[in-house]
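Notebook open. Today I want to look at the ligand site and then at one helix.

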Amino acid sequence: MVIWNRRNFLRAAGAVSAAAALPGIPLLPAQEPDAAKPVAANDHIQIALIGAGGQGMGDTATAIQVPGVKLVAVADCYDGRLARSKELWGNDLFTTRDYNEILSRTDIDAVIVATPDHWHKQAAVDAMKAGKDVYCEKPMIHLYADGPVMIETSRQTRRILQIGSQRVSNIIYGKAKELLAAGVIGQLNMVTAYWDRNSSIGAWNYTVPPDASTETCDWPRFLGTAPKIPFSAEHFFQWRKWKAYGSGVAGDLFVHLFSGTHFITGSHGPTRALATGALRYWKDGRDADDVVLGLFDYREGFNLSLHVNFVDGGQESESLVFTGSEGTMEIGWDGLTLTRVPRETAPGYTVYTFPEAMQKEIIAAYNAKYPPHSGTESLAATEKYVPPKGYSDSYDHLKNFFASVRSRQPVVEDAVFGYRAAGAALLSNLSIARGQVVRWDPDEMKLL
Ligand SMILES: NC(=O)c1ccc[n+]([C@@H]2O[C@H](COP(=O)([O-])OP(=O)(O)OC[C@H]3O[C@@H](n4cnc5c(N)ncnc54)[C@H](O)[C@@H]3O)[C@@H](O)[C@H]2O)c1
């Protein structure tokens, strides 16, 4: 007889799906209906958070809305964030500066890794080796060498590793994927994406707390393998501005546009990249560019152009446009706009530089052959797809992760997908540094 405890429950294939309707989070049409079997109180997936900053706290708040998920511990290098975690999740929460104290606990099944990028590989690998499943924030890697190690560790340890690019679970992206596969916009020729910001926060100038010091911040632990420098509160709290901890626009924003593009097209990634970029405006000591433009070739037959700037004169805006031979799909913050533009069957004519009699002759012959259409009026028809009110793709992404933790079935965004998206994004930095085109084998995930 099988005694159902939390551990074998988690490992049993086909165990209940993690999600159910929650107040404020509608049941989502694009998701499979949740299994009817309720999650018993003692069947919780117990999780811990490693890196309790903005995204870590957001991910965790969302994760614990998934039925059957319980937070038991938090690790962070700043005491203020450990204190805030207890305020949010109770004094019983185990908190520590050293994530190894979390990994050695046998009552933790999975961890969320939401540290700065330069810790992703090590924290995820240490967690998997300690037997934990891992939800690791994007970008999966900081350096190219991180990718194979993370993929291999996930394979060897047979731990679930999901990367946190939530668009991969977004129902709007799912719709776009379906429309593209159905040929609704014809042959895909081009993808254009941008993410422009004008605010100081958009340019990563996050608040430094007034008590920031070597007393409250575990500076050596934060640095990890980064170059040893004296304590800097700006480096600690605004780490995205320095390449020692992040990869600038490429890892922060391009990677979302790549994961969206790869998910919708099914492509493994670009083969060539050419990028240009510079620090134009935020000359505050950072070394990461605030304007980056990249061009990428895909052997599936389309080209991708991306740009991000932090000096835009307008509101923060983002768009991802798929241009096909018979229409476009644009994904913005308000949903998906599909514009169908059927190919014209008539070639049109240019006759007005010819003698008048000849013009008349050509036009008469044309009208006899083709239906009346000047070629200038629009044939376009537009449809709009919007997510349900209050929709959260982060919830869906975490729900999908926990479903895999229970079922041991593949995740929606595994380490190979994560490496292909982040590896493609980092080509931009490489191209800017080298001042030349860089080549990448997206199947083998290797720089050429
Ligand atoms: N999926 C998304 O949409 C999304 C959005 C924002 C951020 N992110 C990603 O999430 C990650 C975190 O970003 P953030 O904005 O929350 O940064 P943050 O600076 O707010 O938080 C990072 C936290 O990690 C802690 N930390 C650093 N080293 C640590 C270590 N060795 N052990 C434990 N904790 C450590 C820091 O003290 C800090 O509190 C980044 O990789 C970022 O790219 C993803």
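My entries on the ligand shell and on H6 follow.

**Ground rules.** I'm working from a predicted model, where local features need pLDDT of at least 70, side-chain atom pairs count only at pLDDT 80 or more, and totals for chains, interfaces and linings use all residues. Numbering starts from 1 along each chain as its sequence is written.

**Ligand shell.** I looked up who sits around the ligand (C-beta atom, placed from the backbone, within 6 Å of it). There are 27 residues, and Gly-51, Gly-53, Gln-55, Cys-77 and Glu-137 come nearest. Helix H2 (54–63) and helix H8 (219–223) are the elements giving two or more residues, and H2 gives the most, with 3. Helices here are DSSP runs of H or I, at least four residues, and strands are runs of E, at least two, numbered from the N terminus. By class I get 11 nonpolar, 9 polar and 7 charged residues, with Gly counted as polar.

**Helix H6.** I checked the length of H6 (residues 146–157): its 12 residues should span 16 Å at 1.5 Å a residue (times one less than the number of residues), and the end C-alpha atoms are 16 Å apart, which agrees. Which H6 residues are buried (20 or more other C-beta atoms within 10 Å of a residue's own, C-beta atoms placed from the backbone)? I find Asp-146, Gly-147, Met-150, Thr-153 and Ser-154. They cover an arc of only 140 degrees (directions from the helix axis to the C-beta atoms), so they lie on the same side of H6. On the other side, Glu-152 and Gln-156 are exposed (12 or fewer such atoms). After H6 comes Arg-158, with a positive phi near 55 degrees.
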